[in-house]
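Visitor: Please give me a close look at one single part of this structure. I would be grateful if each term were explained as it arises.

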Amino acid sequence: PVRNGRRPFANLQQIVDLHALAADGGAVECRVAFHSSQPGTADRYLIRLAAFAEPPEQVRPLWWGSLDAAMAETSRGLTAPAGSTGWQSLAARLDVPAGARSLVIEIRARSLDSEVERPHYIDDVRATLFTPRGPRP
């Protein structure tokens, strides 16, 4: 887990090289299933997607610095209230502009009712790129 202000959160990131798609543009959709390690607690889940003109090796400092450098960005969140059980599903979609060279997929989970760091489970993570030539898993 990574600390963000007062509450700990779990954070996963993947930077995807889009050089083969740069001229075409398209869209990306990411789907994730989340589950708390302590069912019944209140949790917050988030998917963030951002497209950058820069190549992957230059994106990490831009991503952590500011989203102002992103060509396009979106996020979707879900709050699972206390008493929730089972897997929680979430999806986000981003239109990727022509000329985008990199895509960042970020997945976050955090506990809303605890200052204690605790794990969260993710499963069935799927990212699909939609191009003018059709979808690519």
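Guide: The charged end of Arg93 sits over the ring of Phe130, at 4.6 Å from the ring centre (for Arg, this requires CZ within 6 Å of the centre and within 35 degrees of the ring normal). The model is predicted, and local features need pLDDT of at least 70, side-chain atom pairs 80 or more, while totals for chains, interfaces and linings use all residues. Residues are numbered from 1 along each chain as its sequence is written, and side-chain values use heavy atoms, without hydrogens or water.

Turning to rings that face each other, the whole structure contains 1 aromatic pair (ring centres of Phe, Tyr or Trp, the last by its six-membered ring, within 6.5 Å). The partners are Phe34 and Tyr45: their centres are 4.5 Å apart and their planes meet at 15°, so the pair is stacked (planes under 30 degrees apart). Because Phe34 belongs to strand 3 and Tyr45 to strand 4, the pair ties together parts 11 residues apart in sequence (strands are DSSP runs of E, at least two residues, numbered from the N terminus). Phe34 and Tyr45 are both buried (under 20% relative accessible area, 1.4 Å probe, protein chains only).

Tyr45 also leads to the largest cavity, since Tyr45, Ser36, Asp43, Ser84 and Gly86 lie nearest its centre among 13 lining residues (a cavity is a set of points on a 1 Å grid over the protein atoms alone where a 1.4 Å probe fits but cannot get out; lining residues have an atom within 4 Å of a point). Strand 3 (26–36) and strand 4 (43–52) are the elements that give two or more residues to this lining.

Terms used:
On a 1 Å grid over the protein atoms alone, a cavity is a set of points where a 1.4 Å probe fits but cannot get out, and a pocket is an open set with protein on both sides within 12 Å along at least five of seven lines; lining residues have an atom within 4 Å of a point. Helices (H or I, at least four residues) and strands (E, at least two) are DSSP runs, numbered from the N terminus. Rings of Phe, Tyr and Trp (its six-membered ring) pair if their centres lie within 6.5 Å; planes under 30 degrees apart count as stacked, over 60 as edge-to-face and the rest as tilted. Buried means under 20% relative accessible area, exposed over 50%, partly exposed in between (1.4 Å probe, protein chains only).
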